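I opened this entry to note what I looked up about the packing and the ligand site.

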Amino acid sequence: MSETIFTKIINREIPADILYEDDISLAFSDINPQAPVHFLVIPKKPIATINDITEADRELVGHLYLVAAQVAREKGVAEDGYRVVMNCGEKAGQSVFHIHLHVLAGKPLGWPPYTDKMKQA
Ligand code: 5GP
(Lines give C-alpha, C1' and ligand atoms only; values in the text may rest on other atoms or scores of the structure.)
Protein backbone atom coordinates (compact mmCIF):
# COMPACT_ATOMS: atom_id res chain seq x y z
CA MET A 1 0.00 0.00 0.00
CA SER A 2 1.16 3.55 -0.58
CA GLU A 3 2.72 5.44 2.27
CA THR A 4 0.55 7.77 4.33
CA ILE A 5 1.28 10.64 6.66
CA PHE A 6 1.19 8.14 9.54
CA THR A 7 4.22 6.28 8.18
CA LYS A 8 6.02 9.60 8.24
CA ILE A 9 5.02 10.06 11.89
CA ILE A 10 6.24 6.53 12.74
CA ASN A 11 9.55 7.28 11.01
CA ARG A 12 9.83 10.70 12.68
CA GLU A 13 9.87 12.41 9.29
CA ILE A 14 7.15 14.74 10.55
CA PRO A 15 6.58 15.72 14.18
CA ALA A 16 3.74 14.51 16.38
CA ASP A 17 2.86 14.64 20.07
CA ILE A 18 3.71 11.00 20.78
CA LEU A 19 1.98 9.59 23.84
CA TYR A 20 3.01 5.93 23.68
CA GLU A 21 5.24 3.73 21.56
CA ASP A 22 6.29 0.11 21.44
CA ASP A 23 7.56 -2.24 18.74
CA ILE A 24 4.21 -2.64 17.03
CA SER A 25 2.13 0.44 17.82
CA LEU A 26 2.15 4.17 18.34
CA ALA A 27 -0.26 6.62 19.99
CA PHE A 28 -0.20 10.36 19.33
CA SER A 29 -2.46 13.39 19.72
CA ASP A 30 -4.75 14.18 16.80
CA ILE A 31 -3.66 17.36 15.00
CA ASN A 32 -7.29 18.50 14.71
CA PRO A 33 -8.90 17.42 17.98
CA GLN A 34 -12.66 16.86 18.05
CA ALA A 35 -12.79 16.66 21.86
CA PRO A 36 -10.63 17.95 24.74
CA VAL A 37 -8.82 14.60 24.61
CA HIS A 38 -8.40 13.16 21.11
CA PHE A 39 -5.57 10.81 20.29
CA LEU A 40 -4.95 8.14 17.69
CA VAL A 41 -3.60 4.63 18.16
CA ILE A 42 -2.04 3.03 15.09
CA PRO A 43 -0.20 -0.16 14.27
CA LYS A 44 3.27 0.39 12.86
CA LYS A 45 2.30 -2.11 10.17
CA PRO A 46 0.55 -0.10 7.44
CA ILE A 47 -2.89 -1.69 7.04
CA ALA A 48 -5.10 0.53 4.87
CA THR A 49 -8.60 -0.17 6.22
CA ILE A 50 -10.51 -2.57 8.47
CA ASN A 51 -11.25 -4.52 5.28
CA ASP A 52 -7.55 -5.23 4.94
CA ILE A 53 -7.10 -6.73 8.40
CA THR A 54 -6.22 -10.44 8.18
CA GLU A 55 -6.15 -13.32 10.64
CA ALA A 56 -2.45 -12.59 11.10
CA ASP A 57 -3.38 -9.17 12.50
CA ARG A 58 -5.72 -10.50 15.20
CA GLU A 59 -3.36 -9.87 18.12
CA LEU A 60 -2.11 -6.61 16.69
CA VAL A 61 -5.60 -5.15 16.45
CA GLY A 62 -6.43 -6.29 19.99
CA HIS A 63 -3.22 -4.68 21.15
CA LEU A 64 -4.40 -1.30 19.82
CA TYR A 65 -7.30 -1.41 22.29
CA LEU A 66 -4.98 -2.18 25.19
CA VAL A 67 -2.87 0.84 24.21
CA ALA A 68 -6.00 2.98 23.91
CA ALA A 69 -7.07 2.04 27.44
CA GLN A 70 -3.59 2.57 28.88
CA VAL A 71 -3.23 6.04 27.36
CA ALA A 72 -6.80 6.90 28.41
CA ARG A 73 -5.85 5.99 31.99
CA GLU A 74 -2.70 8.10 31.74
CA LYS A 75 -4.78 11.02 30.42
CA GLY A 76 -7.13 10.63 33.40
CA VAL A 77 -10.26 9.98 31.32
CA ALA A 78 -10.66 6.22 31.75
CA GLU A 79 -13.10 6.42 34.65
CA ASP A 80 -15.33 9.13 33.17
CA GLY A 81 -15.51 7.34 29.84
CA TYR A 82 -14.24 7.71 26.33
CA ARG A 83 -15.18 6.72 22.82
CA VAL A 84 -13.05 4.55 20.54
CA VAL A 85 -13.83 4.73 16.82
CA MET A 86 -12.21 3.33 13.71
CA ASN A 87 -13.62 4.72 10.47
CA CYS A 88 -13.56 2.38 7.46
CA GLY A 89 -13.69 3.94 4.01
CA GLU A 90 -14.32 7.42 2.69
CA LYS A 91 -18.09 7.40 3.29
CA ALA A 92 -17.47 6.62 6.95
CA GLY A 93 -15.08 9.56 7.20
CA GLN A 94 -11.75 7.79 6.78
CA SER A 95 -9.21 10.20 5.35
CA VAL A 96 -5.91 8.51 6.23
CA PHE A 97 -5.64 5.00 4.82
CA HIS A 98 -3.60 3.48 7.62
CA ILE A 99 -5.92 2.05 10.26
CA HIS A 100 -6.19 4.04 13.48
CA LEU A 101 -8.33 4.09 16.57
CA HIS A 102 -9.66 7.51 17.47
CA VAL A 103 -9.92 7.92 21.24
CA LEU A 104 -12.17 10.83 22.24
CA ALA A 105 -12.96 12.08 25.73
CA GLY A 106 -13.25 15.07 28.01
CA LYS A 107 -16.77 16.20 27.14
CA PRO A 108 -20.19 14.55 26.85
CA LEU A 109 -20.20 12.72 23.53
CA GLY A 110 -23.44 12.54 21.56
CA TRP A 111 -24.93 9.29 20.35
CA PRO A 112 -25.89 8.26 17.72
CA PRO A 113 -22.98 9.86 15.86
CA TYR A 114 -24.91 11.17 12.86
CA THR A 115 -26.92 14.30 12.18
CA ASP A 116 -30.33 14.85 10.55
CA LYS A 117 -28.49 16.29 7.57
CA MET A 118 -26.56 13.05 7.18
CA LYS A 119 -29.77 11.01 7.47
CA GLN A 120 -31.07 12.64 4.27
CA ALA A 121 -27.91 11.75 2.30
P1 5GP B 1 -9.84 9.60 9.69
O2 5GP B 1 -10.55 10.78 9.06
O3 5GP B 1 -9.01 8.86 8.67
O4 5GP B 1 -10.72 8.69 10.49
O5 5GP B 1 -8.86 10.22 10.76
C6 5GP B 1 -7.64 10.77 10.43
C7 5GP B 1 -7.23 11.64 11.58
O8 5GP B 1 -5.86 11.92 11.43
C9 5GP B 1 -7.96 12.97 11.62
O10 5GP B 1 -8.63 13.11 12.85
C11 5GP B 1 -6.85 14.01 11.43
O12 5GP B 1 -7.05 15.17 12.20
C13 5GP B 1 -5.63 13.23 11.85
N14 5GP B 1 -4.41 13.69 11.17
C15 5GP B 1 -4.26 13.87 9.83
N16 5GP B 1 -3.01 14.26 9.56
C17 5GP B 1 -2.36 14.32 10.76
C18 5GP B 1 -1.03 14.67 11.11
O19 5GP B 1 -0.18 15.02 10.30
N20 5GP B 1 -0.72 14.62 12.44
C21 5GP B 1 -1.62 14.23 13.39
N22 5GP B 1 -1.20 14.22 14.64
N23 5GP B 1 -2.88 13.89 13.07
C24 5GP B 1 -3.25 13.94 11.78
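My notes on the cores come first, then those on the ligand.

Entry 1, source. I am working from a predicted model.

Entry 2, main core. I looked up the largest nonpolar core and found 18 residues in it. The residues with the most contacts inside this core are Ala27, Phe39, Val41, Leu64, Val67, Val71 and Leu101. I then checked which elements give two or more residues to this core: strand E3 (37–43), helix H2 (58–75) and strand E5 (101–105). H2 supplies the largest share, six residues. I add as background that nonpolar side chains tend to be buried together in soluble globular proteins.

Entry 3, Val67. I asked which residues Val67 touches, not counting residues up to four places away in sequence. I listed Tyr20, Asp22, Ser25, Ala27 and Val41. Val67 and Ala27 are both among the core residues with the most contacts.

Entry 4, second core. Apart from the largest core I found another, of eight residues. I noted Phe28, Leu40, Ile42 and Val96 among them.

Entry 5, ligand surroundings. I found 17 residues surrounding the ligand. The closest are Asp30, Asn87, Gly93, Ser95 and His102.

Entry 6, polar contacts of the ligand. I looked up three distances. An N or O atom in the Asp30 side chain is 2.5 Å from an oxygen atom of the ligand. For the side chain of Asn87, I have an N or O atom 2.9 Å from a ligand oxygen atom. At Ile31 I noted a polar backbone atom, 3.3 Å from a nitrogen atom of the ligand.

Entry 7, ligand burial. How much of the ligand's area does the protein bury? The ligand exposes 520 Å² when taken alone, and the protein buries 84% of that.

Technical notes: Residues are numbered from 1 along each chain as its sequence is written. This is a predicted model: local features need pLDDT of at least 70, side-chain atom pairs count only at pLDDT 80 or more; totals for chains, interfaces and linings use all residues. Side-chain values use heavy atoms; hydrogens and water are left out. A nonpolar core is a set of buried Ala, Val, Leu, Ile, Met, Phe, Trp, Tyr and Cys residues joined through side-chain atoms within 4.5 Å. Buried means under 20% relative accessible area, exposed over 50%, partly exposed in between (1.4 Å probe, protein chains only). Helices (H or I, at least four residues) and strands (E, at least two) are DSSP runs, numbered from the N terminus. Contact means heavy atoms within 4.5 Å. A residue is near a molecule or strand if one of its heavy atoms lies within 4 Å of it. A polar contact is a pair of N or O atoms within 3.5 Å; within protein, one must be able to donate a hydrogen and the other to accept it, and residues adjacent in sequence count only if both atoms are side-chain atoms. Accessible areas come from the Shrake-Rupley method with a 1.4 Å probe; for residues, only the protein chains shown count as cover.
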